[in-house]
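Here are a few short exercises to work through with the structure open in your viewer. Try each task before you read its solution.

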Amino acid sequence: MRQRRHGGSQPHEEAHGIDLAPMLDFVLNLLIFFIIIAVFVKESGLIVQRPTGEPPPPNADKSIAIQVLQNGEVWVDGRVVDPEAVRANVERLHAVNTKAGVLIIADPKAPTGLLVTVIDQTHLAGVYNVTFASGD
């Protein structure tokens with residue numbers, strides 16, 4: 001006697017191919033995860049404000065004026081100084097008026113490295129209130 005299979009007279013058909021449903025669920029979960037995480041990521045950066053063509057602020061007479069010219073000269077208090085001597089001059093002028101800030105008037109074509117040196121020298125002198133203007 002022959003035995004019959006349960007479920008009908010047709011032979012059992014096997015499914016061929018890959019079931020993509022679990023993979024799609026996984027990809028959807030990853031997508032949701034990255035969207036949620038992207039909201040919390042904050043990129044840090046440095047905001048640089050280049051000198052503009054605006055006139056100096058009204059409190060400029062109280063400030064220690066430093067001019068950086070296109071030819072590389074640095075003027076502090078109406079006289080030419082070495083860029084490395086800016087610190088001593090700023091310390092001297094800041095001792096007279098402790099509330100005074102520094103106003104750096106830079107020519108737009110002045111060497112950037114020189115401008116950075118002057119800013120570093122003012123910070124080494126203990127003055128962090130630095131304002132920029134362009135000397136057009």
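**Exercise 1.** This is a predicted model. Classify phenylalanine 34 as buried or exposed, then do the same kind of check on phenylalanine 33.

Solution. Start with phenylalanine 34: its relative accessible area is 52%, and the cut-off for exposed is over 50%, so it counts as exposed. Phenylalanine 33 comes out at 46%, which makes it partly exposed.

Next, look for ring pairs. A search of the whole structure turns up one aromatic pair. Its members are phenylalanine 33 and phenylalanine 34, with ring centres 5.4 Å apart. Their planes sit at 65°, and since over 60 degrees is the edge-to-face range, the pair is edge-to-face.

**Exercise 2.** Where is aspartate 77 found, and what is its phi?

Solution. Go to the loop between β2 (74-76) and β3 (79-81); aspartate 77 is there. Its phi is near 55°, a positive value in a residue other than glycine. For background, most residues other than glycine have a negative phi. Finally, check accessibility: aspartate 77 has a relative accessible area of 46%, so it is partly exposed.

**Exercise 3.** Which residues touch the most other members of the largest nonpolar core?

Solution. The core has 21 residues, and the ones to pick are Ile66, Val68, Val74, Val86, Val90, Val102 and Ile104. Then trace the elements: β1 (64-68), β2, α2 (86-96), β4 (102-106) and α3 (112-124) each contribute at least two residues. The largest share, four residues, is from α3.

Now zoom in on valine 86. Skipping neighbours within four places in sequence, valine 86 contacts Ile66, Val74, Val76, Val81, Val118, Gln121 and Thr122.

Methods:
Residues numbered from 1 in each chain as written. Predicted model: local features only at pLDDT ≥ 70, side-chain atom pairs only at ≥ 80, totals over all residues. Heavy atoms only, no water. Phe/Tyr/Trp six-rings, centres within 6.5 Å; stacked < 30°, edge-to-face > 60°. Buried < 20%, exposed > 50% of the residue type's maximum accessible area, 1.4 Å probe, protein only. Core = buried A, V, L, I, M, F, W, Y, C linked by side-chain atoms within 4.5 Å. Contact = heavy atoms within 4.5 Å.
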